[in-house]
Amino acid sequence: MENQLFLGENLEILQKFIQNNSIDLVYIDPPFNSNRNYNSIDTKNQAFSDIWKWNNDSETEFLNILNQPHFSDETKLLIQSFEKFLKKSNLFAYLVSLTLRINEIFRILKPTGSLFLHCNPTASHYLKLILDAIFCCNSGTFRNEIIWGYRTGGISKQWFARKHDIILFYAKTAKPIFHQQNYLSPQKYKYGFGKKHHYELIEKNGQYFKNSVCRDIWDDIDSIGTLGRKNDVRNGYPTQKPENLLERIIKSASNEKSLILDAYCGSGTTLIVAAKLNRNFIGIDNSETAIYTSQKRLTDAKIEYKLMK
Ligand SMILES: C[S@@+](CC[C@H](N)C(=O)[O-])C[C@H]1O[C@@H](n2cnc3c(N)ncnc32)[C@H](O)[C@@H]1O
């Protein structure tokens, strides 16, 4: 299978080009409904917009969900309830857009496949309901709500510093591919380990780490600070995610040669990590800046792919 990178609207590409039951793992990191635009850190050109307005397109998408047979009764009911609660608001426009795309993602996953949806507390509680309606009211299962905690970014004087994202992990059936991952926590001392303890002690460059099974709280992966220009892994795309975050997800829910899809691929982090781990990939983004950045990263890493327009 040839790696593919699509420039275009993800709903259209999923519907036109991606077959039923064909993808092992989908990771998506869509806009979070943050009500702002994101610019390229280097050129200052707009990379993408995360401002949502209820408009004619939202109305059409909403009616599509209500009238098309490939949406389940539960999904229709949920969307009608959201409309009553949220009215034709900007948040509702965002949720309608995500519902259409998650429904397509459910269709394209293999029975052993999983979706990891990256979001934050702005809308995670609504997205979880949408995922429950699309996945759990069909053959799917909820697996984890992963908390990714980090320390970068600003703080407010009015509330506790908001320092976590949420990654919702759902599988298409009760038997998805899953490989347990390890979690290393730094230890001050070498004591308290031995046969009676079920943790392993690892020494790396004179520092001790406790090696245990990874929980659903991930606080060992740093985010990519948008301010730190000296950070040599930063590619200039706003909202770039760290490679080791994707590495944990891809290793846990796919095998070598698996096909991984990212429908909001941005600067291509998922694609790069998939290729490094001997997986195949499909990336989609409707921003030219995103596709340009992904292409540059893939070319620099000597990873072969076909650009689809
Ligand atoms: C949060 S960024 C993804 C960042 C990415 N995870 C990375 O590490 O660089 C979200 C991306 O979704 C893209 N996007 C938003 N709506 C889209 C749509 N309808 N179709 C395709 N791409 C879309 C944006 O252009 C943006 O690049």
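The side chains of aspartate 24 and lysine 110 meet in a salt bridge, with an N to O distance of 3.1 Å; the term stands for a side-chain nitrogen of Lys or Arg within 4 Å of a carboxyl oxygen of Asp or Glu. This pair links distant parts of the chain, since aspartate 24 sits in strand β2 (residues 23–28) and lysine 110 in strand β5 (residues 109–119), 86 residues apart. By the rule just given, the count comes to 14 salt bridges. The model is a predicted one, in which local features need pLDDT of at least 70 and side-chain atom pairs count only at pLDDT 80 or more, while totals for chains, interfaces and linings use all residues. Residues are numbered from 1 along each chain as its sequence is written, and side-chain values use heavy atoms, with hydrogens and water left out.

Both β2 and β5 belong to an open sheet of nine strands, with the order β11-β6-β7-β5-β2-β12-β13-β1-β14 and mixed pairing. Strands here are DSSP runs (E, at least two residues), numbered from the N terminus, and two of them pair if DSSP finds at least two bridges between them. In general, the strands of a sheet pair through backbone hydrogen bonds, either parallel or antiparallel. The edges of the nine-stranded sheet are formed by β11 and β14 (306–308), each of which pairs on one side only.

It is pleasant to walk across this sheet from the β11 end. Strand β6 (residues 141–149) and strand β11 (residues 217–218) run parallel and are joined by two bridges, with tryptophan 148 opposite tryptophan 218 in β11. Towards strand β7 (residues 164–171), β6 runs antiparallel and makes eight bridges; here isoleucine 146 stands opposite isoleucine 167. Further along, β2 is joined to strand β12 (residues 259–262) by two bridges in a parallel arrangement, and valine 26 faces leucine 261 of β12. Strand β1 (residues 4–7) pairs in the parallel sense with strand β13 (residues 280–285) over four bridges, and with β14, also parallel, over three. Phenylalanine 6 takes part on both sides: its bridge partner in β13 is isoleucine 284, and in β14 it stands opposite methionine 308.

A further open sheet holds three strands in the order β8-β10-β9, with antiparallel pairing. Because β8 (182–187) and β9 (200–204) stand at the edges with a single partner strand each, one side of each is left without a neighbour in the sheet. Neighbouring strands of this sheet are turned by 35° against each other on average, direction ignored; the axes behind that angle are lines fitted to C-alpha atoms, and angles between N-to-C directions run from 0 to 180 degrees. Strand β10 (residues 207–213) is joined to β9 by five bridges, and β8 pairs with β10 over six. On the β9 side, glutamate 200 is opposite asparagine 211 and isoleucine 202 is opposite phenylalanine 209. On the β8 side, glutamine 187 faces tyrosine 208 of β10. The hairpin of β9 and β10 has two residues between the strands, and asparagine 205 takes a positive phi near 50° there.

Which residues are closest to the ligand? They are Asp29, Tyr237, Ser267, Thr269 and Asp285, within a shell of 21 residues; a residue belongs to this shell if one of its heavy atoms lies within 4 Å of the molecule. The shell divides into seven nonpolar, nine polar and five charged residues, where Ala, Val, Leu, Ile, Met, Phe, Trp, Tyr, Cys and Pro count as nonpolar, Asp, Glu, Lys and Arg as charged, and the others, Gly among them, as polar. An oxygen atom of the ligand lies 2.6 Å from a polar side-chain atom of tyrosine 237, and a ligand oxygen is likewise 2.6 Å from an N or O atom in the side chain of serine 267. Lysine 241 contributes a polar backbone atom, 2.9 Å from an oxygen atom of the ligand. Taken alone the ligand exposes 610 Å², of which the protein buries 94%, with accessible areas taken from the Shrake-Rupley method with a 1.4 Å probe.

How values were computed:
Polar contact = N/O pair within 3.5 Å; in protein donor to acceptor, adjacent residues only side chain to side chain.
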